[in-house]
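This report walks through a protein model together with its ligand, beginning with the binding site and moving outward to the domains and the backbone.

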Amino acid sequence: MRCELEPRQAGLVAEVDEALDALGPDAGVRESFKALGTARLLAVHYPAEYGGRGLTVADHATVSERMGLRGLPDVAHLITVQGVGCPILTFGTDAQRRHWLPEITSGRLLASLLLSEYGAGSDLTRITTSAMADGGGWRISGRKTWSLLTEWSQIALCSVRTRQGNSRYDGISLFLVDLNDPGVRINPMPRAAGEPYNEVTLDDVRVSGDALVGELHKGWALLPTVIGFERGGFDYLTRAQSWLAAAAAELGALPCAEQEALAADFARCEFLVDNARALAYHAVATAEGLETNEIVTAYAKLASGMAAQAVTRWAGEELLSVSDGEDGPHRRLLRAAVVEAPELTVSGGAQELQLDLIAEERLIGRTIR
Ligand SMILES: Cc1cc2nc3c(=O)[nH]c(=O)nc-3n(C[C@H](O)[C@H](O)[C@H](O)COP(=O)(O)OP(=O)(O)OC[C@H]3O[C@@H](n4cnc5c(N)ncnc54)[C@H](O)[C@@H]3O)c2cc1C
């Protein structure tokens, strides 16, 4: 079963293909992002004045899905456009919007999120990175971790403690930090699969007062929205879809009798991926403006991560052991997927926390759309 895209969304997919096909197969990521930026495709849900098209989050999701399926690093797009750009659009000043958003939509600028620290991943109130007032600006010191693609980025949205407040939720502020500042040190940390994580040390990094996003000391209230912008489930979904496609190709190369023996397992994986896609599209279709409902998003994120893990578990335990063909691109992709998949129920908010959100909703009895 396949959910059909609306004609406008199918048109966007065709535009993505056209822009990428024109570049040829050897184009690098930055070149591809710039081509999509020139075609005003990177953030179609932003207003036209900032390089978007004033379309919906669902339209943007369609573009993201296609980019992921074409092999572009969805994390770079997701964190830049959703994780950093959307908070600037929603909570930033006019000057911040005018300065940063055209850079993002054109594909010239990539951005990172510096939220997590050792001991402060699920509970982001435990951060110890702090900022001291310095004239009209601030000096930031501390250590962030688990940041992805930071070495590609020019700026980062960084959570910082600006005062010891009355409660642990009080006194957190969000700043845009220039990653080229001499006080920023990026230390890559090996990761089981893919690009390394980065530990980012901020040593007396000066930011001006204009770098503050949202209200001083009140950043905690913005964090669920910031993370929600990032958490749509589409990066996990496109992984699940790509891994399922590789498994289908591998399965198709087996003798008929073995294909038949594995057909039911494959169908189960396909069902999980289709189901996750339906939930991910439901989450964006029910968004109000830029904001998706956090419970619906939790369902979508869980479904996508769990579907991707089911595909890799089956591929690793069954399919790859039955098929002993040449080590072509599908086998290599699946083997890397087996290593990467466990992360998918940790990154962007661990599985248990998503389940907590859903459980809390049930107890409170709010209506789930
Ligand atoms: C691939 C990847 C990319 C990431 N990219 C970034 C990034 O770009 N920027 C950034 O700032 N961070 C990033 N992170 C960090 C990510 O947000 C954290 O890993 C995540 O929030 C979990 O935090 P933690 O690693 O400290 O684990 P912990 O919070 O220590 O959790 C460890 C385990 O304990 C469980 N647990 C924690 N609290 C509870 C609870 N209250 N009840 C039940 N179980 C609980 C968790 O579910 C998890 O299974 C990334 C992580 C990954 C894996």
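## The shell around the ligand

Which strand and which helix each supply at least two residues of the shell around the ligand? In this predicted model, they are strand E3, which spans 137-148, and helix H11, which spans 351-364. The largest share, three residues, comes from E3.

Altogether 18 residues surround the ligand, and the closest are Leu113, Ser116, Ser122, Trp146 and Glu352. Sorted by class, the shell has nine nonpolar residues, alongside six polar and three charged ones.

## Polar contacts and burial of the ligand

Two contacts involve nitrogen atoms of the ligand: one such atom is 2.7 Å from an N or O atom in the side chain of Ser116, and a nitrogen atom is also 2.9 Å from a polar backbone atom of Trp146. On the side of the ligand's oxygen atoms, a polar side-chain atom of Glu352 lies 2.3 Å from one of them. The ligand taken alone exposes 970 Å², and the protein buries 67% of that area.

## Domains on either side of the ligand

The domain assignment divides the protein into domain 1 (7-110), domain 2 (112-218) and domain 3 (231-364). Why can the ligand be said to lie between domain 2 and domain 3? Both of these domains give residues to the shell around the ligand, and it is therefore placed between them.

The C-alpha centres of domain 2 and domain 3 lie 31 Å apart, and the direct contact between the two domains involves five residues of domain 2 and six residues of domain 3.

## Helix H6

Helix H6 covers residues 223-230, and it is mostly covered, with six of its eight residues buried. The buried positions are Leu223, Thr225, Val226, Ile227, Phe229 and Glu230. These buried residues pack against helix H4 (74-91) and against three strands, namely E1 (111-114), E4 (155-161) and E5 (172-178).

## Two residues with positive phi

Most residues other than glycine have a negative phi, and against that background two positions merit a closer look. Trp146, whose backbone takes part in the ligand contact described above, is placed in strand E3 and has a positive phi near 60 degrees although it is not a glycine. Is Trp146 buried or partly exposed? Its relative accessibility is 41%, so Trp146 counts as partly exposed.

His217 is likewise not a glycine and has a positive phi, here of about 70 degrees. The residue lies in the loop that runs between strand E8 (212-213) and helix H6. With a relative accessibility of 14%, which is under the 20% limit for burial, His217 counts as buried. Once its neighbours within four places in sequence are left aside, His217 is in contact with Thr162, Arg163, Tyr169, Asp170, Gly171, Ile172 and Ser173.

How values were computed
Residues are numbered from 1 along each chain as its sequence is written. This is a predicted model: local features need pLDDT of at least 70, side-chain atom pairs count only at pLDDT 80 or more; totals for chains, interfaces and linings use all residues. Side-chain values use heavy atoms; hydrogens and water are left out. A residue is near a molecule or strand if one of its heavy atoms lies within 4 Å of it. A polar contact is a pair of N or O atoms within 3.5 Å; within protein, one must be able to donate a hydrogen and the other to accept it, and residues adjacent in sequence count only if both atoms are side-chain atoms. Accessible areas come from the Shrake-Rupley method with a 1.4 Å probe; for residues, only the protein chains shown count as cover. Helices (H or I, at least four residues) and strands (E, at least two) are DSSP runs, numbered from the N terminus. Ala, Val, Leu, Ile, Met, Phe, Trp, Tyr, Cys and Pro count as nonpolar, Asp, Glu, Lys and Arg as charged, and the others, Gly among them, as polar. Domain bounds come from an automatic or database domain assignment. Buried means under 20% relative accessible area, exposed over 50%, partly exposed in between (1.4 Å probe, protein chains only). Contact means heavy atoms within 4.5 Å.
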